[in-house]
Amino acid sequence: MTAPLRIRTNTAQSGNHSNHPLAGLALGFIGVVIFGATLPATHFALEGFSPAFITFGRAAAAAIVAGAALLAMGKRFPRKHAGTLFLAGLLLVYGFPGFSSVAMQTVPASHGGVVLGLLPLMTATFAALFGGERPGLAFWAWSIAGAVLVVTFSLSGADIEPGLGDLWLGFAALSASCGYVISGKLARTMPGWEVISWALVVTAPISIAGTLFVWNSGVSDPGATASMALAYLSLGSMFAGFIFWNWGMAIGGIARVGQVQLLQSFVTLGLSAWLLGEIIKPVTLGFALAVALVVWMGRKAKVS
């Protein structure tokens with residue numbers, strides 16, 4: 001077995017320079033749970049805000065909080081990573097949400113489930129291409145198995161007809177997977193919260209300008225529920241979730257921890273049942289358990 005990937009990261013985050021697969025999976029799962037509440041929260045936020053305002057507004061609010069945190073902690077801007085941080089911000093703050101929103105106007109939500117199913121596999125691919133990781137054959141086998149399970153679940157009972165929206169979904173998946181690998185690599189050299197904070201700050205001019213541009217048409221007398229949902233999308237989905245996600249990828253490996261996102265569809269379904277009263281069928285629980293088993297088995301597979 002080749003020598004494990006050496007990860008350099010802040011000692012307050014990892015404790016040493018070795019990989020911690022189980023801890024990385026746990027942190028990644030916390031991030032997935034936070035991300036999993038995004039769709040239910042968006043459902044409530046749409047009661048008082050337009051999709052465009054939600055996209056820009058949550059990024060702008062998160063950037064303000066991130067900037068305040070960086071200022072309070074006395075962090076200096078890492079100039080050598082400026083371009084990389086800006087690229088990560090474009091891909092994660094605007095790329096995935098923007099392309100997904102365009103796609104959802106012309107294709108059913110089940111197609112979005114396909115993206116979630118393929119996203120971990122694409123993340124592992126990019127981690128191998130430019131993330132410095134070399135997953136073994138067993139890892140690829142479990143990764144493909146997990147993708148097949150989630151895609152099968154997403155397509156079960158659905159009348160799928162390819163459309164232009166699928167192309168936008170492809171761009172969304174590319175944006176997210178590339179963004180994950182870029183931010184995961186940065187999290188090897190600085191804490192995960194700093195990575196997402198600086199990514200939000202360097203893209204803040206776009207977020208603020210977009211928010212102001214759509215303000216008049218994007219806000220329609222929001223109530224407390226819509227306002228709280230938008231706050232969650234800003235502080236949870238756009239900020240806190242990435243803190244745990246980046247941290248997990250830094251100490252557990254980008255490819256390995258990326259597989260935890262196979263569970264996100266089921267987390268979203270569970271939260272939707274709790275918050276929106278949607279019904280979970282036994283077959284859904286069966287798929288969720290099968291995917292959880294695949295993720296657990298993939299944990300033991302070699303990633304150099």
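**A walk through four helices**

Let me begin with helix H9, which spans residues 192-202 and is largely enclosed by the rest of the structure, because nine of its 11 residues are buried. The buried ones are Gly192, Trp193, Glu194, Val195, Ile196, Ser197, Trp198, Ala199 and Leu200. Please keep in mind throughout that what we are looking at is a predicted model.

Next comes helix H5, residues 82-103, whose 22 residues reach 30 Å from the first C-alpha to the last, which is close to the 32 Å expected at 1.5 Å a residue. Where does H5 have its kink? The kink, of about 40°, lies at Gly95, shortly before the proline Pro97. Both Gly95 and Pro97 are buried, and the buried residues of H5 also include Leu91, Leu92, Val93 and Tyr94.

Now let us turn to single residues, starting with Thr123, which lies in helix H6, residues 109-130. Is Thr123 buried or exposed? Its relative accessible area is 1%, and since buried means under 20%, Thr123 is therefore counted as buried. If we leave aside its neighbours within four places in sequence, Thr123 is in contact with Ser177, Tyr180, Val181 and Ile254.

The last residue is Val294, found in helix H15, residues 282-299, and it too counts as buried, with a relative accessibility of 7%. Not counting residues up to four places away in sequence, Val294 touches Trp142, Gly146 and Leu149. Val294 can also be paired with Ala147, from which it is 147 residues apart in sequence, while the C-alpha to C-alpha distance between the two is 9.7 Å.

Key. Residues numbered from 1 in each chain as written. Predicted model: local features only at pLDDT ≥ 70, side-chain atom pairs only at ≥ 80, totals over all residues. Heavy atoms only, no water. Helix = DSSP H or I, 4+ residues; strand = E, 2+ residues; numbered from the N terminus. Buried < 20%, exposed > 50% of the residue type's maximum accessible area, 1.4 Å probe, protein only. Contact = heavy atoms within 4.5 Å. Expected span 1.5 Å × (residues − 1). Bend = angle between axes of the 7 residues up to and from the residue.
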